[in-house]
Each structure stands twice: as structure tokens, then as C-alpha cells.
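Student: I would like to learn how to read a structure like this one. Could you walk me through it?
Tutor: Gladly! Let us look at it together.

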There are 2 protein chains.
Amino acid sequence: MILTVTLNTALDLTYRVRSLRPHASHRVSEVIERPGGKGVNVARVLAALGHEVTVTGFAGGGTGRAIRERLAGVPGLTDALVPVAGATRRTIAVVDELSGDTTQLNEPGPQIAPTEWGAFLDHYEELLAGASAVALCGSLPPGVPVGTYANLVRAARSAGVPVLLDTSGEPLRRGVAARPDLVKPNADELAELTGSHEPLRATQDARRRGAHAVVASLGADGLLAATPQGRWRATPPARVRGNPTGAGDSAVAGLLSGLVERLPWPERLARAVALSAATVRSPAAGEFDPAVYEELRGRVAVTGVASAA
Amino acid sequence: MILTVTLNTALDLTYRVRSLRPHASHRVSEVIERPGGKGVNVARVLAALGHEVTVTGFAGGGTGRAIRERLAGVPGLTDALVPVAGATRRTIAVVDELSGDTTQLNEPGPQIAPTEWGAFLDHYEELLAGASAVALCGSLPPGVPVGTYANLVRAARSAGVPVLLDTSGEPLRRGVAARPDLVKPNADELAELTGSHEPLRATQDARRRGAHAVVASLGADGLLAATPQGRWRATPPARVRGNPTGAGDSAVAGLLSGLVERLPWPERLARAVALSAATVRSPAAGEFDPAVYEELRGRVAVTGVASAA
């Protein structure tokens with residue numbers, strides 16, 4: 001079983017409006033409701049790829065109930081979320097019909113009480129015992145210590161479970177120092193971590209900070225990997241148009257499934273890039289198109305990269 | 001018991017953001033969640049005034065459950081909402097911290113099935129038997145016939161229950177023709193109904209179309225009433241600053257409570273204007289400040305108005 005941790009789960013709402021104008025009133029023509037938070041997205045892609053996956057983190061209130069009801073319908077996915085008194089946040093993506101552009105509104109997460117946090121830690125240790133890999137994903141809700149991911153990385157390493165970290169800012173900086181097996185920052189997160197806007201230099205720097213392997217997601221340019229086995233760049237066969245929401249989470253699912261299947265790095269990267277592109281091409285945000293995925297997988301260019309000077 | 005009907009109930013969310021910018025990402029600093037829809041707002045004000053009130057209409061899904069959980073905590077209020085398969089809509093008011101201006105996003109209501117509509121009609125007839133007055137409030141969800149309010153007005157009149165109608169557009173036009181005891185349009189709704197932008201002329205015209213009494217809400221200018229007993233203008237003592245959300249619903253509650261208490265028209269209007277102003281002045285949208293209400297009630301100017309030429 002692959003374990004994904006989403007401490008700040010979300011009920012993701014997508015609203016379609018004609019054109020968002022500040023201080024006006026808008027009729028929403030379409031509402032799409034999905035369980036969200038990065039680790040939840042990763043888990044759904046893993047389940048779609050045929051992996052057994054367990055989701056943990058926190059869920060509470062009516063929004064938490066909505067998430068759990070929807071996760072119950074996903075084959076291969078086990079809900080091991082820890083109930084909390086506060087309500088799971090909503091995120092709202094308002095899509096303009098005219099321009100296709102999106103305006104994002106993100107609620108704050110619920111305040112996590114110390115007893116709830118303690119309950120999660122016990123649960124996490126138990127789940128690690130049955131996990132072939134673990135992904136720690138996304139932001140931290142209020143009440144969760146900023147150094148949390150470092151502790152969760154150490155617990156995974158103690159249990160002998162490979163651990164992937166996908167977060168940003170101070171939680172990423174502290175988490176990297178605990179030596180996770182893999183981090184997957186995007187270009188902004190990588191620059192914030194390392195101070196360098198040059199991706200190759202920055203991925204190498206992130207490894208020096210503690211990550212065994214670093215895979216940077218560079219949007220339409222694909223992935224750049226710096227690993228103990230070598231450095232690669234993996235690029236999609238053509239520029240992909242569509243909705244990039246969830247593309248990074250699909251890349252994480254590709255990397256994680258490749259890890260537990262012990263694929264060589266170039267195959268893991270090809271899978272991650274193809275999944276990511278198939279997510280951009282899917283009409284629904286955060287879903288991927290299996291036919292597009294299969295078609296793209298053999299056409300991703302993976303090339304070795306020389307070390308930065 | 002006073003009955004309020006809200007066919008298109010809502011879970012009203014208020015989001016505070018620094019400044020809403022289209023196509024950007026925003027952190028919501030504060031979320032307020034309230035049961036909404038005009039008739040629900042009217043009911044909460046009536047309950048706060050000490051009346052026994054029953055709420056009916058439709059509720060469904062997680063959002064419907066959230067509304068019902070919150071209504072359960074209101075003393076004097078009885079929940080007689082009819083369950084439906086579809087989910088109750090959300091409305092989102094995004095308030096800019098910098099300007100204080102509000103951007104509104106309104107989800108569509110749930111599709112009401114014919115069997116659900118039939119269940120409501122049976123329920124409505126039963127509830128009328130115990131009602132001293134009924135308010136029919138707000139928009140119609142998909143699946144509910146546009147002539148619905150006309151039927152509900154006739155059923156109330158057959159049962160000998162005074163009926164107030166507060167809606168807009170075609171449902172108002174058809175509902176007025178069924179001769180409700182009172183309609184409470186705002187200036188825009190009144191102009192749409194009558195084709196006249198001159199409020200005095202328009203209120204008289206609305207009476208000719210079937211309403212026994214018409215009370216138009218004119219924003220900061222207060223109320224203008226055309227009734228079988230006479231015509232009055234009721235104005236607050238000073239211009240009131242604040243959030244006008246729910247002010248019209250508070251006016252409806254004032255008029256309805258005055259009706260069942262058999263107050264003379266000038267007192268009903270003074271109460272409605274004072275409640276409305278106390279709602280604008282309350283920090284939370286749709287709540288009213290009881291101290292402000294008591295203080296303003298004696299200071300509303302109610303003056304007789306001559307007929308329009």
C-alpha cells in the first residue's frame with residue numbers, strides 16, 4: 001500500500017462564470033465539487049493507475065464529510081483520515097468562460113488541537129508499518145508545528161519506508177534537512193528553497209541541503225531530476241494546452257508509482273511527465289485522460305544532463 | 001405561528017480578502033457561514049423578535065444539512081424544510097478589506113423533481129392550517145413552475161391566512177395577479193413589475209395589478225407604502241452606513257410581525273424601517289443590532305403621502 005498524507009485536505013469547488021468582475025453579482029452556471037488537497041489528488045491518480053493507496057491527514061465538518069463521501073467511491077483507495085472538530089477548508093476556482101482564466105479563493109484550514117495532532121501521529125506510525133512508500137503533501141493547517149514534515153520524514157526513514165515530500169516555504173526547508181528520499185518542488189518553490197533561479201544549479205543545491213533526489217517540475221518544460229543515479233531532463237513531445245490544476249500532483253503520483261515498481265529513473269520520469277500532460281489535457285481539473293497518458297508515455301524525451309558548473 | 005417559505009434556500013458564505021483581483025490567487029482571511037435564502041433570513045429576525053416561526057421550502061445535500069444544523073440552534077424557530085436529492089446552493093459574498101466592496105457569486109439551486117414538488121405542496125397545505133401569516137420569499141430553483149407563487153398565494157387566501165410575497169421578475173408578476181395581501185418589492189423589482197421608475201406611481205400601479213398593499217423598499221430612503229388604509233413614507237432618522245445584506249428581509253420581518261400583532265400601518269412601517277437600519281448597522285451581514293433597533297424605532301419619520309396624479 002502507498003500512503004499519502006494531506007494535513008490540509010480541501011473540498012475543491014470549480015465555478016464557471018461568464019467573466020469575473022470585482023464588486024458585481026455573478027450567476028455561477030456550473031459547479032464541480034471534488035475532494036482535494038495535494039495528497040488526496042496524488043492518491044486518486046495512484047488508485048487510477050491500479051495501486052492500493054491509503055489517504056491520511058485531517059477531515060472535519062460538513063466539508064470533511066463531503067470529501068469522505070466522495071473518497072468512499074474510489075476503488076483501491078482507503079480512507080484513513082483523522083476526524084477533527086474544525087471544518088475542512090474549501091478552495092474555489094472561478095473559471096471565466098470568456099478568457100478561460102481562473103481566479104482562486106482559498107479558505108484557511110481548520111485549527112488543529114494538540115490532542116488531534118497527537119491522534120494523527122499515532123495513526124501515522126501505525127500506517128507506516130504497512131506502507132511501501134509515503135508522500136507528504138501540501139500546506140500545514142493552523143496548529144500544526146512548522147517543523148512537522150521533518151518529524152514525519154524521520155519517522156518514515158526509521159520505519160524503512162521511502163518518503164517523498166511535496167510542500168513549500170519553511171515546511172519544505174525544514175523537511176529537506178531531515179533527508180527525504182525525494183522532493184518535487186516547482187520552479188518557484190525550488191528558487192525559494194535555494195535562492196537560485198537556475199533550475200539545474202538549484203536542484204543540485206537542494207540535494208546538498210538533504211534531499212536524496214530532487215525532481216523539479218518546470219511547467220511546460222517538463223521535469224528536471226538530480227538523483228544519486230544521475231541527472232535527467234524529461235520533456236513532453238509538444239506543448240500541452242489545458243488546465244494545469246493538479247498536474248504537479250499527477251507527476252508526484254507518477255514518481256511514487258515508479259519508485260514502488262522499482263522502475264529505472266528515466267521510466268519514472270517519462271511516466272510522471274506523461275501523467276502530468278494527460279492531466280493538463282483532461283477537461284476536468286485534476287483528472288487525467290488515460291488514453292492521452294498511454295499515447296504520450298512512449299513519446300516523452302528523457303535526456304541525460306551534465307552537472308552544473 | 002408565522003410561516004416563511006424559501007424554495008431556494010442557501011448556505012451563505014462571506015469571505016474576507018484583502019482585495020479581489022481577477023485571475024489571481026487569494027487567501028481568505030475569514031469565513032462566515034450562515035443559513036440563508038430570503039425566507040430563512042426573515043424567520044430568524046421574527047424569532048429574534050419573539051415570534052414562533054416555522055421555516056419551509058427545500059434543503060438537500062451537505063449544504064442543506066449545514067443549514068438545518070444551524071437552524072436547529074435558533075430558539076422559537078421550527079425547521080419544516082422538505083428534503084430533496086439535489087444539494088442546496090451556496091452563495092459567496094467576497095468582501096474586499098481595502099474598499100469594503102462585495103463581489104457576489106451565486107450557485108444555481110438544485111433541480112426539484114416533480115415528486116419533491118408534490119411533497120412540498122402537501123406539506124405547505126398542512127402548515128397553513130396552523131399559520132397566522134405566511135411569507136413567500138425569493139427566487140425559484142430549477143424545476144419549480146414559474147407560476148408557483150400564484151398558486152401558493154391562492155392556497156393561503158383559501159385557508160384565510162394573510163400572505164406576503166417578496167420575489168422578483170416573472171414569479172412576482174404572476175404572483176401579484178393572485179392578489180396577495182402584501183408585496184415588498186425594492187425599487188428595481190417595482191420598476192420591472194410596473195414599467196415605472198417613479199415609486200409612488202409604481203406602488204399604486206402594483207396595487208391595481210392585484211396586491212392589496214404594496215410596501216416598496218427604497219434603500220437609504222426607507223419605505224413607501226400604498227395600502228387600502230392610506231399611503232405613507234417611512235424614513236430612518238439619518239443615513240445609515242454599513243452592510244445592506246439582509247436589510248430587505250428584516251423589513252419583511254417587521255411588516256409581518258406588525259401584521260400579526262395588528263399594529264396600525266404607521267407603526268408597522270416604523271418597525272420595518274428600524275429593523276432594516278439596525279441590520280445595515282450590524283457588523284455581521286443579515287443580523288440586526290437589538291439596541292440600535294430599539295433606539296431607532298421611536299425616531300423613524302412616518303408621513304402621509306398624497307396620491308400620485
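Student: What covers the buried residues of helix 2 of chain A?
Tutor: Before we start, keep in mind that this is a predicted model. A general idea helps with helices: an α-helix has 3.6 residues a turn, so residues three or four places apart point the same way. Now the case here. The buried residues of helix 2 (residues 61–71) of chain A are A:Gly61, A:Gly62, A:Thr63, A:Gly64, A:Ala66, A:Ile67 and A:Leu71. Their cover includes strand 2 (10–17), strand 4 (30–36), strand 5 (53–59), strand 6 (77–79) and strand 8 (89–96) of chain A, and also helix 2 (61–71) of chain B.

Student: How do I read the sheet, and which are its edge strands?
Tutor: Follow the order of the strands. This open sheet has five of them, in the order 4(A)-2(A)-8(A)-9(A)-3(B), and the pairing is mixed. At the edges are strand 4 of chain A and strand 3 of chain B, each of which pairs on one side only. From one strand to the next, the twist averages 15°. Helix 2 of chain A packs on this sheet and touches strand 2, strand 4 and strand 8 of chain A, its direction making about 80° with that of strand 4.

Student: Do strand 2 and strand 4 of chain A run parallel or antiparallel?
Tutor: They run antiparallel, joined by seven bridges. As one example, A:Leu11 has A:Pro35 in strand 4 as its bridge partner.
Pairing also links the chains: strand 3 (residues 25–27) of chain A and strand 9 of chain B run parallel, with three bridges between them. There, A:Ser25 stands opposite B:Gln104.

Student: How many residues of chain B are in contact with chain A?
Tutor: In general, the size of an interface is often given as the accessible area lost when the parts come together. Here we can count residues instead: 22 of chain B are in contact with 22 of chain A. On the chain B side, strand 3 (25–27), helix 2 and strand 9 (102–106) each supply at least two residues. Strand 9 gives the most, with five. By class, that side has ten nonpolar, eight polar and four charged residues.

Student: What rotation superposes chain B on chain A?
Tutor: A rotation of 180°, with 0.0 Å of shift along its axis, does so at an RMSD of 0.0 Å. That is the relation of a two-fold axis. In chain B, B:Gly62 has the C-alpha nearest the axis, 3.0 Å from it. Both copies use the same surface, since 100% of the contact residues of chain B recur in chain A.

Note on methods: Residues numbered from 1 in each chain as written. Chains lettered and ligands numbered in written order. Predicted model: local features only at pLDDT ≥ 70, side-chain atom pairs only at ≥ 80, totals over all residues. Buried ≥ 20, exposed ≤ 12 C-beta atoms within 10 Å, placed from the backbone. Helix = DSSP H or I, 4+ residues; strand = E, 2+ residues; numbered from the N terminus. Contact = placed C-beta atoms within 7 Å. Nonpolar A, V, L, I, M, F, W, Y, C, P; charged D, E, K, R; others polar. Pairing = 2+ DSSP bridges. Axes fitted to C-alpha atoms, helices over the stretch in contact; angles between N-to-C directions. Least-squares fit on C-alpha atoms with pLDDT ≥ 70 in both.
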